[in-house]
Amino acid sequence: MVSNRGLDEYTLQSELGHGAFGTAFLATRNHDQSRCVVKRIKMREMSKRDAIAAEREVAVMKKVQHPNIIRYYDSFVAAENMHIVMEYADGGTLYGVIRAHLPIGPIPEAQVLGYYAQLLCAVRCLHQNHILHRDLKAANVFLTQQGTVKLGDFGLSRVLASNSFAKSTVGTATQLSPELCKGKPYGTECDVWALGCLLYEMVMRRSAFKEHSLPATVMKIMRGDFSMEGHRYSRGIEELVHGCLQVGTERRWALDQLIAHPLLQPLVAEIDRQAAERALADGAVSPSQPQPTPVTSLERGGGWVRGSVEISPPVA
C-alpha cells in the first residue's frame, strides 16, 4: 500500500486543516518544486476503524483518475505517521464559495451549473468503478483558482462488487438519504441524494434539511421536507433538485438522467471532450466512458439491514 519514498522528498509549509483522520499540510515536492498536499495520520492514535478508513482513502484515490477528482501521488510511513500525498487545489472549497455569497446574494446560475456538471462527471467516474463516495458535501468539493472542481476526501468511500450493496450508515447528517436514515441497504442512489443536497445548498445558500437536533434532521429527511420558495433560478434548476431529492429510490433520478438534462448535457459533453483531448495529449488511451453499473435498490431484493452508525454532525 505504501511506497519506500519518505518525508525528506517534501517540504511542509503550512497547515491547511484538521480532518477526521489526520492533519493536512500544504507542501512542496522537492525535486520539481510543485505544490501538493501531505495528509499526516498518527498511526499510534488510530483505532482499527480509522486505519481501515485511511487505507480505503489510498485505495480509492489510486483506483480512480479523473480531471475532477483529487489526484493521488504517493503514500508512505515516516516517524510512526502515515502520509498520503495528493493534488493541491488552490481555490478553496465549494463550502467557502457558498459562505462568501451569504452577504452578497445568489451564486450566478452559470457558475452553479458549471460546478455541478463537473461534480456529476466526478461522481460518474466513481460509480463506473463501483465506488460510492458516501460523504458528498460542500467541504469535500475542492476548487482551483480557474474554477475546476476537484472532488476529494474518500475516507468514507466504499468499493462495491458489481452487484453488491452497502449497509453501514455513514456520512454527514444533513446529507444522509432516507434509506440510510432507515438503516436499509443502499447503492448509488445515496450519492444522487447528496448531489441534490449540494445543488440545493448552492442555490439556497443553506442546508435543505438542517434542524436543531439530529433526530429532527433525520425526520425531516425521511419526509423529504424542503422548500425552494424564493429562489431566483430557472425552472430547470428546480427540476434537478426535486429529481435528486425524491424520498423513494424508485422515483429518484439516476445519474444518467441528471447528465442528460438540457441544462447539463452540453456542459458535460464539453468536459468529456476536454478530458479526451488531455488524455490523448498525455499519450494515454482516451477515456471510453463505459456505461455505469449502478447498484440500485431494485437489484437487492429488499430487506432491512441496520448497520453501525458513523454520522458526522452538521456543519454550523
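Trainee: Is Asn140 buried or exposed, and what is its relative accessible area?

Mentor: This is a predicted model, in which local features need pLDDT of at least 70, side-chain atom pairs count only at pLDDT 80 or more, and totals for chains, interfaces and linings use all residues. Residues are numbered from 1 along each chain as its sequence is written, and side-chain values use heavy atoms, with hydrogens and water left out. Asn140 is found in the loop between β6 (131–132) and β7 (141–143), strands being DSSP runs of E of at least two residues and helices runs of H or I of at least four, numbered from the N terminus. With buried meaning under 20% relative accessible area, exposed over 50% and partly exposed in between (1.4 Å probe, protein chains only), Asn140 is buried, at 3%.

Trainee: Which residue offers the backbone oxygen that the side chain of Asn140 reaches?

Mentor: Not counting residues up to four places away in sequence, Asn140 touches several residues, among them His133, Lys150 and Asp153, where contact means heavy atoms within 4.5 Å. At 2.9 Å, the backbone oxygen reached by the Asn140 side chain belongs to Asp135.

Trainee: Within what arc do the buried residues of α9 fall?

Mentor: Helix α9 (residues 265–281) has buried residues including Val268, Ile271, Asp272 and Ala275, and the buried residues pack against α3 (109–128) and α8 (255–260). On the other side of α9, Leu280 and Ala281 are exposed. Taking the directions from the helix axis to the C-beta atoms, the buried residues line one face of α9, because they fall within an arc of 135°.

Trainee: Which residue meets Asp272 in a salt bridge?

Mentor: A salt bridge requires a side-chain nitrogen of Lys or Arg within 4 Å of a carboxyl oxygen of Asp or Glu, and the N to O distance here is 2.5 Å. The pair links distant parts of the chain, helix α9 and helix α3, 148 residues apart. The partner in α3 is buried, with a relative accessible area of 8%, and it is Arg124.

Trainee: How far apart are the closest N and O atoms of Glu179 and Arg252?

Mentor: Both residues are buried, Glu179 at 6% and Arg252 at 5% relative accessibility. They form a salt bridge in which the closest N and O atoms are separated by 2.8 Å.

Trainee: Why does Cys125 form no bond with Cys121, and what is the distance between their sulfurs?

Mentor: A disulfide is a pair of cysteine sulfur atoms within 2.5 Å, and a search of the whole structure finds zero. Cys121 holds the closest cysteine sulfur to that of Cys125, yet the two are too far apart for a bond because the separation is 9.6 Å.

Terms used:
Polar contact = N/O pair within 3.5 Å; in protein donor to acceptor, adjacent residues only side chain to side chain.
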